[in-house]
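Open your viewer, show the chain as a cartoon, and keep the selection box at hand. We will walk from stop to stop, choosing residues as we go.

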Amino acid sequence: MVEVTVTPQSSLADRPVQIRVRGLSPSQLVTLRAWLKDEQGECFQSRAFFRADGAGEVDPGLHAALGGSYSGVWPMGLFWFLQPDTLFRRLVKRDVAGSPFRVRLEVFDGLSLGMDPREQPLGSCEAERWYVGPGVQRVPIREGRVRGALFLPP
């Protein structure tokens, strides 16, 4: 059974996480894909191709991506290289305090380039990426023409 894990599963968006895939065959070629839907329902995704090590594991922090959205060793590459399905869209979080981005991570056998809805992942998991830490208070600022927000720690 193939297992995909993100540690920690819930974290702040600027904090690194560790992605691991276990249970693959040694030297198996796989596609690791990350995707999310923003607050407007727009899909953003990235993918990277990996060859499992001798123990049947993939760790983007140790193993180089062979291609896809990026190549080389990028521990957070799947998060950093998220691209919109629709051109000229930007990934922006408007409700920073109320909800996280939920990033779905999936692993597919071989090189998976398309989005065939019939294609089932070998394994998957979900990571929460928060933009405001627990207990942080958001205070709107309106002074003359200045607009902004002050974030106060607990």
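What follows is a tour of strands, rings and a few backbone oddities.

Before we start, note that this is a predicted model in which local features need pLDDT of at least 70 and side-chain atom pairs count only at pLDDT 80 or more, while totals for chains, interfaces and linings use all residues. Residues are numbered from 1 along each chain as its sequence is written, and side-chain values use heavy atoms, with hydrogens and water left out.

**Stop 1: the strands**

Select residues 29-37, strand E4, and residues 43-51, strand E5. Helices (H or I, at least four residues) and strands (E, at least two) are DSSP runs, numbered from the N terminus. E4 and E5 pair in the antiparallel sense over 9 bridges; two strands pair if DSSP finds at least two bridges between them. Show Arg-33 on E4's side of this pairing, and you will find Arg-47 of E5 opposite. Now look at the hairpin: 5 residues lie between the two strands, and Gly-41 has a positive phi near 85 degrees.

Next add strand E8, residues 101-109. E4 pairs with E8 as well, again in the antiparallel sense, over 6 bridges. Here Ala-34 faces Leu-105 of E8.

**Stop 2: the loop before E4**

Select Gln-28, in the loop between strand E3 (18-22) and E4. Is Gln-28 buried or exposed? Its relative accessibility is 16%, so Gln-28 counts as buried (buried means under 20% relative accessible area, exposed over 50%, partly exposed in between, with a 1.4 Å probe and protein chains only). Neighbours within four places in sequence aside, Gln-28 is in contact (heavy atoms within 4.5 Å) with Phe-50, Arg-51, Ala-52, Asp-109 and Leu-122.

Ser-27 is in the E3-E4 loop too. This residue is partly exposed at 42% and has a positive phi of about 65 degrees, although it is not a glycine.

**Stop 3: the aromatic rings**

Show the side chains of Phe, Tyr and Trp. Rings (for Trp, the six-membered one) pair if their centres lie within 6.5 Å; planes under 30 degrees apart count as stacked, over 60 as edge-to-face and the rest as tilted. By this rule there are 4 aromatic pairs. Tyr-70 and Phe-81 are stacked, because their ring centres are 5.2 Å apart and their planes meet at 20 degrees. Tyr-70 sits in the loop between strand E6 (67-68) and helix H1 (77-80), and Phe-81 in the loop between H1 and strand E7 (83-84). Tyr-70 is buried at 5%, whereas Phe-81 is partly exposed at 24%. Add Trp-74 and Trp-80: ring pairs link them with Tyr-70 and Phe-81 into a cluster.

Move on to Phe-101 and Tyr-131, an edge-to-face pair with centres 5.8 Å apart and planes at 85 degrees. The two are 30 residues apart, Phe-101 in E8 and Tyr-131 in the loop between strand E9 (123-130) and strand E10 (137-143). Phe-101 is buried at 4%, while Tyr-131 is partly exposed at 40%.

Keep Phe-101 in view and add Lys-93, which lies over the ring face at 5.0 Å from the centre. A charge sits over a ring if NZ of Lys or CZ of Arg is within 6 Å of the ring centre and within 35 degrees of the ring normal. Arg-129 lies over Phe-79 in this way, at 4.9 Å.

**Stop 4: two backbone oddities**

Most residues other than glycine have a negative phi, and most peptide bonds are trans. Select Phe-88, in the loop between E7 and E8: its phi is positive, about 65 degrees, and the residue is exposed at 81%. Finally, select Thr-7 and Pro-8, joined by a cis peptide bond with omega about -5 degrees. Pro-8 is in the loop between strand E1 (3-7) and strand E2 (10-12).
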